[in-house]
Amino acid sequence: MEHLFAYGTLMCADIMREVSGCDLSHLQGILRGYRRRAVKGEHYPAVVLDEQSSVEGVIYLDVPESAWRRLDAFEGEMYARQAVAVELRDGTPMLARTYVLKPAFLNCLGPSDWDLTTFLRDGKASFQRNYRGYRSL
């Protein structure tokens, strides 16, 4: 089974459970060489290549195939699931999959980085009520 590096809304264990259909063990991790940007008009982010940046997130361990199908549907057409090298907090390397913004959707990025604290305070409830990805599950 493969691991998932989550860097946005899926860092919230309750959202991950709703989307994946299961409870998964997780660790804190870092994805180097990418930047997390806000998506215009949305409460969720996207990551794009940026050699000077890194993204903190959650590594969900041993994601079952049934969960990957749900995750792919939830993420939709804007994202491609890709293999990436991540690090645990202590620097231990690990392979995982993450959802990277497809180049055709770069124009959807806002000018600022996405912030988890702001999402939890201002956007999480609305996201859970309104995000169209839930309808694909």
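**A quick tour of the fold**

Following the sequence from start to end, the protein chain runs β-α-β-β-α-β-β-β-α. That pattern comes from three helices and six strands. Keep in mind as you look around that this is a predicted model.

**Overall shape and surface**

- The radius of gyration of the protein chain is 14 Å, which agrees with the value near 14 Å for a compact globule of 137 residues.
- Measured out along the principal axes, the C-alpha trace spans about 35 × 35 × 30 Å.
- The accessible surface of the protein chain is about 7,200 Å², and carbon and sulfur atoms account for 49% of it.
- The chain carries 17 positive and 18 negative charges, and the mean positions of the two sets lie 5 Å apart.

**Packing inside**

- Of the 137 residues, 47% count as buried.
- Among contacts between residues at least 6 apart in sequence, 72% join residues at least 24 apart.
- The largest nonpolar core has 46 residues, and Leu4, Leu10, Leu71 and Tyr79 touch the most other members.
- Elements giving two or more residues to this core include strand E1 (2–6), helix H1 (13–20), helix H2 (65–75) and helix H3 (116–130).
- Strand E3 gives the most to this core, with nine residues.

**A closer look at Tyr79**

- Tyr79 is one of the core residues that touch the most other members.
- Setting aside neighbours within four places in sequence, Tyr79 is in contact with Tyr7, Val39, Tyr44, Pro45, Ala46, Tyr99, Val100, Leu101 and Lys102.

Terms used:
Residues are numbered from 1 along each chain as its sequence is written. This is a predicted model: local features need pLDDT of at least 70, side-chain atom pairs count only at pLDDT 80 or more; totals for chains, interfaces and linings use all residues. Side-chain values use heavy atoms; hydrogens and water are left out. Helices (H or I, at least four residues) and strands (E, at least two) are DSSP runs, numbered from the N terminus. The radius of gyration is taken over C-alpha atoms; the globule rule is 2.2 Å times the number of residues to the power 0.38. Buried means under 20% relative accessible area, exposed over 50%, partly exposed in between (1.4 Å probe, protein chains only). Contact means heavy atoms within 4.5 Å. Accessible areas come from the Shrake-Rupley method with a 1.4 Å probe; for residues, only the protein chains shown count as cover. Lys and Arg count as positive and Asp and Glu as negative; His and the chain ends are not counted. The place of a charge is taken as NZ of Lys, CZ of Arg, CG of Asp or CD of Glu. A nonpolar core is a set of buried Ala, Val, Leu, Ile, Met, Phe, Trp, Tyr and Cys residues joined through side-chain atoms within 4.5 Å.
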